[in-house]
Structures are given as structure tokens and as C-alpha cells.
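Good morning, and thank you for making the time. I should like to take you through one model and then leave room for discussion.

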Amino acid sequence: MTFEDVIKDIVKLVGLNLESVKPGAGIQILSVDLKQGNLQLRTVSGSVRSRPLFELERIWNELQRSPAVHVDQVLNGSGTSRNQPETILANLPYIEWAKIHNKKHLIYVKESTHPYGTLRQMDR
């Protein structure tokens, strides 16, 4: 699976209310702009934000190399809203999340284990 495939799947999330791994931090993707290389989203507080697609690509690339990825480390702690790209990817049917050493990690499970727009915590 390529990052282009992931983007096509992210487009399927547009308009859905996405639950966050971090309670109370849900988002809604408003649009994906491939030409500009970003997406627009709305937070639960109603703020509209733009996020660069390269953040998601960096996380995706790391998911190809590592069995579990701590998003904050991949993004070098960039910004206070790292839960937004984490939320987007965790709502894809082939990505689950788990707590490892009390930190949230994403895991690419390579098969659909839950519907688009929902979360699934990995079985222990």
C-alpha cells in the first residue's frame, strides 16, 4: 500500500466526526487539497485548521518501518496538536492504536479490522 492509497482512504473520512485517541479531541476533516498539499479540519471547539499532508506521510513512512509508532516522536514533538494526524490515521480501518509504556502508538495491521471513521484499540 502506498501513501497515495492512504490519501484516497483519508478522502473517505471527509465529513465524518472522527473520535480521537485523546478523549475529547475529536475532529472533522472538511477537505483534502492535493494541489496545496494540505487538509482542512474542524476541531470540537469549532476552530478550522489546516494540516500539511507531509505530516501524515512521515507517520505513514514510519509505520512501514516500525511495528508501532509514537506520533509525537515521528513529528519531533511539533506543535500542540499532534493528536490531529494521529486521529486521522487511527480512523482508517487498517490502523489500530495501543498504549506501550503508557504512551499511545499507532500500529499498521495490514488488514481492515474496523470501519472507516472508527477507532480500534489493539488487543493486548
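What share of the contacts in the chain with a separation of 6 or more comes from residues 24 or more positions apart? The figure is 46%. Please keep in mind throughout that this is a predicted model.

Let me begin with the chain as a whole. It contains 4 helices and 6 strands, and their order from the N terminus is α-β-β-β-β-α-α-α-β-β. For 124 residues, a compact globule would be expected to have a radius of gyration near 14 Å; the value for this chain is 13 Å, so the two agree. The C-alpha trace extends over about 35 × 30 × 30 Å along its principal axes. Of the 124 residues, 44% count as buried. The accessible surface amounts to about 6700 Å², and carbon and sulfur atoms hold 48% of that area.

I turn now to the strands. Strand β2, residues 27–33, pairs with strand β3, residues 38–43, in the antiparallel sense, over 6 bridges. The hairpin they form has 4 residues between the strands, and within this hairpin Gly37 adopts a positive phi near 75°. On its other pairing, β3 is joined to strand β4, residues 48–52, by 5 bridges, again with antiparallel strands. Here too the hairpin has 4 residues between the strands, and Gly46 has a positive phi near 95°. As a guide to the register, Ile27 stands opposite Thr43 in β3, while Gln40 stands opposite Ser50 in β4.

Thr43 deserves a closer look. This residue of strand β3 has a relative accessible area of 15%; buried means under 20%, and Thr43 is therefore classed as buried. Leaving aside residues up to four places away in sequence, Thr43 touches Gly26, Ile27, Arg49 and Gln84. Its side chain also makes a polar contact with the side chain of Ser45, at 2.9 Å.

Next, the interior. In soluble globular proteins, nonpolar side chains tend to be buried together. Which residues have the most contacts inside the largest nonpolar core? They are Ile10, Ile59, Ile88, Leu89, Ile95 and Leu106, in a core of 29 residues. At least two core residues come from each of α1 (3–11), β2, β3, α2 (53–65), α3 (71–74), α4 (83–90), β5 (95–100) and β6 (103–108). Of these, α2 gives the most, with 5 residues. Leu89 illustrates the packing: not counting residues up to four places away in sequence, Leu89 touches Val6, Ile10, Leu56, Ile59, Ile95 and Leu106.

Finally, I would draw your attention to the loop between β5 and β6, where His101 and Asn102 are found. Are these two residues buried or exposed? His101 has a relative accessibility of 75% and, because exposed means over 50%, counts as exposed. Asn102, at 65%, is exposed by that criterion as well. The backbone is also worth noting: phi is positive at His101, near 55°, and positive at Asn102, near 65°, although neither residue is a glycine.

To close, the two places I would ask you to inspect on the screen are Leu89, with its contacts to residues including Val6 and Leu106, and the β5–β6 loop that holds His101 and Asn102. Thank you; I welcome your comments.

Note on methods:
Residues are numbered from 1 along each chain as its sequence is written. This is a predicted model: local features need pLDDT of at least 70, side-chain atom pairs count only at pLDDT 80 or more; totals for chains, interfaces and linings use all residues. Side-chain values use heavy atoms; hydrogens and water are left out. Two strands pair if DSSP finds at least two bridges between them. A nonpolar core is a set of buried Ala, Val, Leu, Ile, Met, Phe, Trp, Tyr and Cys residues joined through side-chain atoms within 4.5 Å. Buried means under 20% relative accessible area, exposed over 50%, partly exposed in between (1.4 Å probe, protein chains only). Contact means heavy atoms within 4.5 Å. The radius of gyration is taken over C-alpha atoms; the globule rule is 2.2 Å times the number of residues to the power 0.38. Accessible areas come from the Shrake-Rupley method with a 1.4 Å probe; for residues, only the protein chains shown count as cover. A polar contact is a pair of N or O atoms within 3.5 Å; within protein, one must be able to donate a hydrogen and the other to accept it, and residues adjacent in sequence count only if both atoms are side-chain atoms.
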